[in-house]
Amino acid sequence: MKFTVIGERINTSRIAVRDAVAARDAAYIVEDVKRQEAAGAAYIDVNAGARLGHETEDMEWLLATIQSAVSVPVCLDSPDPRLLELAFALVSREPLVNSISLERERYEAMLPFLKGKECGVIALCMDDTGLPQSSDQVVERAISLAGALEGIGVPRDKIHIDPLIQPIGTDATKGYMALEAVRGINQQLPGIRTTCGLSNISFGLPQRKFINQAFLALLMGAGLTGAIIDPLDDRMMATVKTVDMLFGRDEYCADFLSAVRAGQIV
Amino acid sequence: MGYEDIAESVISGDIDGIQAQVDRYLADGATANEIIEQGLLGGMAVVGKRFKEGDMFIPEVMRSARAMNDVMVMLEPLMMGQAVASAGKMVIGTVAGDLHNIGKDLLSMVLRSSGFQVIDLGVGVTAEAFLEAVLREKPDVLGLSALLTTTMPAMQQAVKLIRSDPAAASVKIIIGGAPVNAAFADEIGADAYAPDAGSALETMQELVSV
């Protein structure tokens, strides 16, 4: 199966998006998500959380605007089950829900929300003690999350475990830790999906694009099945398509070649 | 005596070389305080400035801090109760419901290395715990971190509670974290917003000097 790109651009924490949402500038959002889809996004992540007091109406408007513009599903990005419940009623294609974690409050609110719903789930390896400190700890948390989600009827191939990427700048072992974690998750939970926001790896370092690009290739090599990235970042998408091809997931190198012809891989 | 070589070793993060340099200064009669204030803090001031300007990066700052801390441990027994001049005091924490520690930890490290006294309350800190710490520690500045849009209200509550207590209300409050910005700082009654650890250091120096 091809690598699953979740397009991260529609987030009201980003100033341009916040302004467009505040002004109800549908043309801006439509143009953005059409470009994400054309670049290869499998999901459009929608985070409407940053304008406090406007989360509900922003989410409603964004979903209406986005879903009429593209044919790929959305990834509903909020830790708030009330907002997710409302958003879930408005989706036209089976969404991803971003996210559940082992943090007690979120876990207890999200499990009843997810029960019986047709959707994929992103599950963060975070608990009340904070970020995982070792790859073994990531795998343990992944097993707990998968157990709980499978227990309420979510099929394993709809569970997307996020091992949580931490900056290499503050601890030189964090890159390898993530690679080991992805390998461990795949070994212990065959058939599970994995995803992450990987640009965190290069936080605080210069020339981040090289770090992100190399790390993406390594993570894909370790078995990562998807990532939350910017589909309009040509370097990252070139890596996705090239590695997919090298893994034998691109018959006749068709996607690679059409991306070259479209000027996306140069 | 110039102490430039010690400052230089702090800047380059020469963890092995710096101890021998300090030993030589001590043998020549320098006091621990002179070495700290002119050598170590002088070096860290350059590190802070270069970090702010984007000329040095987090791992390099960590290496400099490590070199400095190793020497501090060495010098501590020689201090004989003399206090090092503190650049200021900060209480810091990530707000309730939020367990992100990286930005907060990084800033704590940068501040400590630049001579600030930092009391780190950890992650998931309630408004009440912030208030209690401000009353107890009487810091110059309170630093609040939030990395989730959903914990921004917890930040607002913390500021509100601090401002409502006459004994705590005058503390300077600085906020940071991916979803917040200067407008939000204004809106909730914080004194400042810093987008990264380098600017936070500079803002801290400004807040403490007024």
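**Exercise 1. The interface of chains A and B**

How many residue pairs are in polar contact between chain B and chain A, both at pLDDT 80 or more? Then describe the side of chain B that touches chain A.

*Solution.* Start with the ground rules. This is a predicted model: local features need pLDDT of at least 70, side-chain atom pairs count only at pLDDT 80 or more, and totals for chains, interfaces and linings use all residues. Residues are numbered from 1 along each chain as its sequence is written, chains are lettered from A and ligands numbered from 1 in the order in which they are written, and side-chain values use heavy atoms, with hydrogens and water left out.

Step 1. Polar contacts: the count between chain B and chain A is zero residue pairs. (A polar contact is a pair of N or O atoms within 3.5 Å; within protein, one must be able to donate a hydrogen and the other to accept it, and residues adjacent in sequence count only if both atoms are side-chain atoms.)

Step 2. Salt bridges: the rule finds zero across this interface too. (The rule asks for a side-chain nitrogen of Lys or Arg within 4 Å of a carboxyl oxygen of Asp or Glu.)

Step 3. Elements: helix H4 (58–75), helix H5 (102–113) and helix H7 (152–164) of chain B each supply at least two residues of the side that touches chain A. H4(B) gives the most, with three residues. (Helices are DSSP runs of H or I, at least four residues, and strands are runs of E, at least two, numbered from the N terminus.)

Step 4. Classes: that side of chain B has twelve nonpolar, six polar and no charged residues. (Ala, Val, Leu, Ile, Met, Phe, Trp, Tyr, Cys and Pro count as nonpolar, Asp, Glu, Lys and Arg as charged, and the others, Gly among them, as polar.)

Step 5. Area: chain B and chain A bury about 1600 Å² between them, and carbon and sulfur atoms give 72% of this. Leu99(B), Ile102(B) and Thr149(B) supply 36% of the area that chain B buries against chain A, more than any other three residues. (Buried area is the accessible area, with a 1.4 Å probe, that two parts lose on being put together, summed over both.)

**Exercise 2. The two domains of chain A**

Find what joins domain 1 of chain A to domain 2 of chain A.

*Solution.* Step 1. Bounds: domain 1 is 1–93 and domain 2 is 101–232. These come from an automatic or database domain assignment.

Step 2. Contact: 19 residues of domain 1 and 21 residues of domain 2 take part. (Contact means heavy atoms within 4.5 Å.)

Step 3. Area: the domains bury about 1800 Å², of which carbon and sulfur atoms give 71%. Phe3(A), Ile6(A) and Phe88(A) lose the most in domain 1, together 34% of what that side buries.

Step 4. Polar links: there are two salt bridges and nine residue pairs in polar contact, both residues at pLDDT 80 or more. Strand S1 (4–11) of chain A gives the most to the domain 1 side, with six residues.

Step 5. Over all chains, the count comes to 25 salt bridges. Asp230(A) lies in the loop between S8 and helix H9 (234–246), and Arg9(A) in strand S1, so the pair ties together parts of chain A that are 221 residues apart in sequence. Asp230(A) and Arg9(A) form a salt bridge, with their closest N and O atoms 3.1 Å apart.
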